[in-house]
Amino acid sequence: MKLFGLKNCDNCRKALKLLPDLYLVDVRRDGVPDAVLERALGQFGDSLLNIRSTTWRALTQEERLKPPFELIKTHPALMKRPLIERDGVLYLGWSKETQAALGV
């Protein structure tokens with residue numbers, strides 16, 4: 001299983017603690033592979049963007065109008081976290097539903 005997120009993100013740390021077989025892909029350092037990002041955008045749409053983040057608030061109105069794919073490639077911290085991939089299935093966030101689906 002892979003977790004696409006940030007090592008200092010609270011929700012990512014919770015997931016890593018409860019699912020020890022997760023491999024962290026630090027999106028700031030390594031980015032999100034295009035294929036994974038395209039699949040995630042296809043599945044979750046605009047909800048993949050974290051519009052409550054400080055990164056989002058720092059963007060200009062013009063920057064906010066760019067496509068989500070381009071925004072996340074340029075500013076990986078804009079992606080809602082964690083994005084977990086297990087056996088080809090993507091899960092977004094650390095909700096009770098995600099935890100139940102992953103057997104936590």
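**Figure 1. The whole protein, shown as a predicted model.** The protein exposes about 6100 Å², and carbon and sulfur atoms supply 50% of that exposed area. Buried residues make up 42% of the 104 residues in the protein. Along the principal axes, the C-alpha trace spans about 40 × 25 × 25 Å. Seven helices and four strands can be picked out in the protein, and, read from the N terminus on, the elements follow the order β-α-β-α-α-α-α-α-β-β-α. The radius of gyration of the protein is 13 Å, close to the 13 Å that the globule rule gives for 104 residues, so the protein is as compact as a globular protein of that length. Among the contacts between residues at least 6 apart in sequence, 48% join residues at least 24 apart.

**Figure 2. The buried side of helix α3.** Helix α3 runs over residues 34–44, and in this helix V36, L37, A40, L41 and F44 are buried. These five residues cover an arc of only 130 degrees around the axis, which puts them on the same side of α3. An α-helix has 3.6 residues a turn, so residues three or four places apart point the same way. What covers the buried residues of α3 includes the strand β1 (2–5), the helix α6, the strand β3 and the strand β4 (89–92).

**Figure 3. The other side of helix α3 and the residue that follows the helix.** Which residues are exposed on the other side of α3? They are A35, E38 and G42, where exposed stands for a relative accessible area over 50%. Just after α3 comes G45, which takes a positive phi of about 60 degrees.

**Figure 4. The salt bridge between K73 and D34.** A search of the whole structure finds five salt bridges, and one of them joins the side chains of K73 and D34, with a distance of 2.7 Å from N to O. This pair links distant parts of the chain, for K73 lies in helix α6 (residues 68–74) and D34 lies in helix α3, 39 residues apart. Both partners are partly exposed: K73 has a relative accessible area of 39%, and D34 has a relative accessible area of 39%.

**Figure 5. The salt bridge between E85 and R39.** Here E85 forms a salt bridge with R39, and the closest N and O atoms of the two residues are 2.9 Å apart. This pair, too, links distant parts of the chain, with E85 in strand β3 (residues 83–86) and R39 in helix α3, 46 residues apart. Is E85 buried or exposed? With a relative accessible area of 16%, E85 is buried, because the cut-off for a buried residue is a relative accessible area under 20%. Its partner R39 is partly exposed, with a relative accessible area of 34%.

**Figure 6. The salt bridge between R29 and D30.** The side chains of R29 and D30 meet in a salt bridge, with a distance of 2.9 Å from N to O. R29 counts as exposed, at 59% relative accessibility, whereas D30 is partly exposed, with a relative accessible area of 42%. The value for D30 lies in between the two cut-offs, under 20% for buried and over 50% for exposed, and therefore D30 belongs to the partly exposed residues.

Conventions. Residues are numbered from 1 along each chain as its sequence is written. This is a predicted model: local features need pLDDT of at least 70, side-chain atom pairs count only at pLDDT 80 or more; totals for chains, interfaces and linings use all residues. Side-chain values use heavy atoms; hydrogens and water are left out. A salt bridge is a side-chain nitrogen of Lys or Arg within 4 Å of a carboxyl oxygen of Asp or Glu. Buried means under 20% relative accessible area, exposed over 50%, partly exposed in between (1.4 Å probe, protein chains only). Helices (H or I, at least four residues) and strands (E, at least two) are DSSP runs, numbered from the N terminus. The arc is that of the directions from the helix axis to the C-beta atoms. Contact means heavy atoms within 4.5 Å. The radius of gyration is taken over C-alpha atoms; the globule rule is 2.2 Å times the number of residues to the power 0.38. Accessible areas come from the Shrake-Rupley method with a 1.4 Å probe; for residues, only the protein chains shown count as cover.
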